[in-house]
Amino acid sequence: MLFSRMPGERLSIRDNSAVGRFHGVSASNGQAVPERQSESKMKKEESGCRRWFRRACPCCFQRQNSSIDVTGDTDGVPAGAGENEGPKSPTTATGDTELDELTLAVRSVDLLSRKSDRNKTEHHTDQYHSDQLIVRRGQTFQIELDLSRTFNPNTDKLHLELKTGPLPQVSKKTHVIIPLVDELQDERWEAKIVEQNINRVKLSVNSPVTAVIGKYKLTITTQCLKTSETTTFDSDKDIYMLFNPWCEDDTVYMESEKELKEYVLNDTGRIYYGTEKQIGARTWNFGQFDEGILEACLFVLDNSEVPPSGRGDPVSVVRVISAMVNSPDDRGVLEGNWSGNYSGGMSPTAWSGSVEILRQYHKEGGTPVKYGQCWVFSGVTTTVLRCLGIPTRSVTNFQSAHDTDVSLTTDVYFDENMEPIHHLNSDSVWNFHVWNDCWMARPDLPPGLGGWQAVDSTPQETSHGTFRCGPASLAAVRSGQVYLKFDTPFVFAEVNSDKIYWQRNLDGTFSQIHSEKKAVGHCISTKAVGSDERVDITHLYKYPEDSEEERIAVETACRYGSKPDVYSSPIAEDVRVEVMMDGEGPRMGGDAQLKIVVKNTSSQPRRTTLHSQVAVMFYTGVLKDTVKKDTLNLELNPQEEKVIDWVLPYTQYQNQLVDQAALMLTLSGRVSETQQVLANQTSFRLRTPDLHIEPIGEAYVGKEMSAKITFTNPLPCALRNVVIRVEGLGLRDLHPIKVGDVSKHANVTVTEHFIPTIAGKRKLVASLDCRQLSQVHGVADIDVHESQ
């Protein structure tokens with residue numbers, strides 16, 4: 001006779017797929033087969049073809065089973081028994097119950113994204129008006145899973161997947177597979193169970209510091225190894241990943257907590273305008289945390305031509321935002337208008353913040369908002385970059401030059417009668433111009449050029465075919481290194497170009513008749529940290545006017561411009577300067593000693609003034625503080641070489657050093673007789689002592705052995721809370737040894753015991769960690785033999 005489904009009764013695919021695998025599961029309408037029927041007999045009754053069909057296509061198998069013709073008794077159960085008995089108690093469907101008990105599935109996920117949750121407070125994202133999870137890269141965050149049963153690490157598997165962009169790819173880092181591990185390690189995507197309470201599991205998820213920023217979709221995959229059944233769960237909430245200026249390894253890392261509060265977390269600010277003698281200020285609502293602004297900022301990125309895979313590099317992101325905030329060539333956020341006629345839009349002076357501009361751009365699907373001028377472009381740029389996690393400020397330059405021919409000068413042309421030639425006078429000097437500084441390391445540039453970078457979103461000139469400008473290193477601008485990317489010549493001309501006056505000769509050529517050396521780049525201003533006061537930052541963009549360093553920078557820059565002969569070239573370049581160090585260089589805890597070698601290769605005497613300054617430098621190339629300056633007057637006889645002993649006392653750097661203990665010595669000067677410019681930059685670090693590791697005895701797999709680790713404190717002060725971390729592949733997992741405080745110049749010896757697990761040549765690695773001293777490490781080679 002035929003078994004069929006009762007009206008309203010649901011036939012589960014899982015019911016049919018369990019036939020032949022679990023006792024008490026029927027192939028019809030869910031009736032239980034008596035438990036005395038053996039599993040082997042059930043498997044025998046189902047043909048191999050039917051089992052293959054059931055596994056290959058359970059849906060079709062289910063439909064076929066709805067009309068199975070069952071005849072005769074089934075181990076004593078009459079055909080048709082129970083047809084009209086009504087609903088069965090759930091406890092009778094033992095097969096379905098057992099399968100449910102074995103299957104591991106995610107019922108729900110809690111991203112712990114409430115304002116008061118640890119994720120948002122620890123990641124400094126609790127100010128965002130959003131119930132989505134917003135985290136910063138390079139830092140762990142937590143999520144909670146509600147599972148269908150208790151997770152068993154021995155028989156269950158679980159992993160997470162994050163996807164961003166329209167075409168996620170693992171190779172592009174836009175499709176991330178996050179494995180479950182026992183211990184989290186830096187610089188990789190991993191997850192670890194940190195709490196488990198019956199069916200609830202809390203995971204700690206780690207992201208690398210190079211992760212692509214943006215909006216990620218979360219999928220959780222679970223698998224029961226006993227049944228090989230896999231289930232997936234798609235979260236209805238997204239995860240937003242931002243840059244992390246609190247993380248030392250992120251290229252946007254900023255050390256000062258006060259500056260982070262100002263340049264990342266402050267959602268209001270001041271923008272300056274007017275003239276250098278009548279400076280006005282207006283408050284601007286950046287509103288980077290307002291509802292919908294994060295989504296709008298990511299929408300701006302989505303509208304650009306840069307794929308999501310390029311959003312892990314802040315240099316690339318800043319360059320994209322510089323282009324996308326204006327609209328001439330990419331339908332960006334704002335349409336500029338300097339005509340005075342603002343019909344069809346808002347007057348630039350009417351805006352008081354960025355929020356409505358970004359919301360309107362997002363709401364209208366990418367239609368440029370009308371209208372903006374420089375301070376509006378700058379205000380919106382500050383909002384977007386702070387929202388994404390890049391420290392940013394708005395900056396105003398008074399008497400700001402606009403160089404149109406890459407001459408690195410502001411040129412004014414007259415005819416033979418001293419009448420202006422208007423069609424040639426395309427260069428201009430604005431009363432004021434507003435742009436942005438953003439903070440980041442520049443690994444794409446030579447060391448020392450990280451830190452503040454100038455970015456200008458006002459559409460003035462194209463850069464590689466697009467209206468954008470920057471990021472340009474302020475350190476490069478200051479020293480005239482205009483050959484370094486991006487758009488450094490344009491920014492240099494804005495703040496430090498000379499105004500050159502030219503007169504046309506009778507033969508059509510032009511002669512230089514006058515120059516103004518202080519015409520542009522005055523009172524460069526930004527809001528002070530922690531107050532509404534104006535702070536002058538002109539010194540970050542250029543040396544003091546008329547100083548020798550400033551003149552050197554101008555003349556150096558102009559040699560790379562379209563008019564390299566504006567300034568007379570040196571008569572000769574016959575003086576050389578270089579920096580040398582003895583052996584492996586200065587050591588931590590003592591005076592740093594270098595040698596400056598200056599040599600006159602000419603047959604004439606030479607005189608020069610050599611300026612030197614040394615600054616503490618992060619390993620990323622960002623300069624922190626200048627710790628010493630000197631000026632040295634030199635007279636060199638023909639063919640003479642002078643060696644100057646340069647010393648930096650320990651007392652001058654002891655409280656200034658940062659990780660890696662790096663410093664940069666900068667030399668500059670000019671030869672009086674030839675006007676030759678002397679310049680040299682030398683980066684060096686103070687060498688730290690090694691950890692000495694001495695293996696004790698022979699090493700065998702499975703047999704305990706030990707190693708002695710010794711260290712001498714090189715500093716004339718105590719080291720606090722010293723920890724030595726030891727690990728070795730095939731030797732032992734990472735093991736921290738708490739040493740405690742170490743007195744000045746004291747020796748420390750610790751003995752580490754471990755059991756090798758892999759034969760062959762192994763390396764035992766140790767590193768020392770404390771606040772006063774870093775980059776102390778050691779390694780020992782250990783030849784592990786097979787067990788005896």
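**Reading the packing around helix α8**

Me: Which elements cover the buried residues of α8 in this predicted model?

Reply: The cover of the buried residues of α8 includes the strands β2 (133-136), β8 (214-224) and β10 (239-242), together with the helices α9, α10 (355-363) and α11.

Me: How many residues of α8 are buried, and which are they?

Reply: A residue is counted as buried when its relative accessible area is under 20%. By that criterion, eight of the 10 residues of α8 (residues 293-302) are buried, and the helix is mostly covered. The buried residues are Ile293, Leu294, Ala296, Cys297, Leu298, Phe299, Val300 and Leu301.

Me: At what angle do α9 and α11 pack?

Reply: An angle over 145 degrees counts as roughly antiparallel. Helix α9 (residues 314-324) and helix α11 (residues 374-388) pack at about 150°, with their axes 10 Å apart; α9 is therefore roughly antiparallel to α11. Their crossing is right-handed.

Me: Which residues of α9 and α11 meet, and what is their character?

Reply: In an α-helix, residues three or four places apart point the same way, because there are 3.6 residues a turn. From α9, Val317, Val318 and Ile321 meet Thr381, Val384, Leu385 and Leu388 of α11. The contact comprises six nonpolar residues, one polar residue and no charged residue.

Me: What is the mean pLDDT of the chain, and where is the pLDDT below 50?

Reply: The pLDDT expresses the predictor's confidence in each residue. The chain has a mean of 83, and 84% of its residues reach 70 or more. The pLDDT is below 50 over residues 1-46, a stretch with 95 contacts in the model beyond near neighbours in sequence. Residues 61-94 also have pLDDT below 50, with 52 such contacts.

Conventions
Residues are numbered from 1 along each chain as its sequence is written. This is a predicted model: local features need pLDDT of at least 70, side-chain atom pairs count only at pLDDT 80 or more; totals for chains, interfaces and linings use all residues. Side-chain values use heavy atoms; hydrogens and water are left out. Axes are lines fitted to C-alpha atoms, for helices over the stretch in contact, and angles run from 0 to 180 degrees between N-to-C directions. Helices (H or I, at least four residues) and strands (E, at least two) are DSSP runs, numbered from the N terminus. Angles under 35 degrees count as roughly parallel, over 145 as roughly antiparallel, 65 to 115 as roughly perpendicular and the rest as oblique. A crossing is left-handed if the near helix is turned anticlockwise from the far one by less than a right angle, and right-handed if clockwise. Contact means heavy atoms within 4.5 Å. Ala, Val, Leu, Ile, Met, Phe, Trp, Tyr, Cys and Pro count as nonpolar, Asp, Glu, Lys and Arg as charged, and the others, Gly among them, as polar. Buried means under 20% relative accessible area, exposed over 50%, partly exposed in between (1.4 Å probe, protein chains only). pLDDT is the predictor's confidence in each residue, from 0 to 100.
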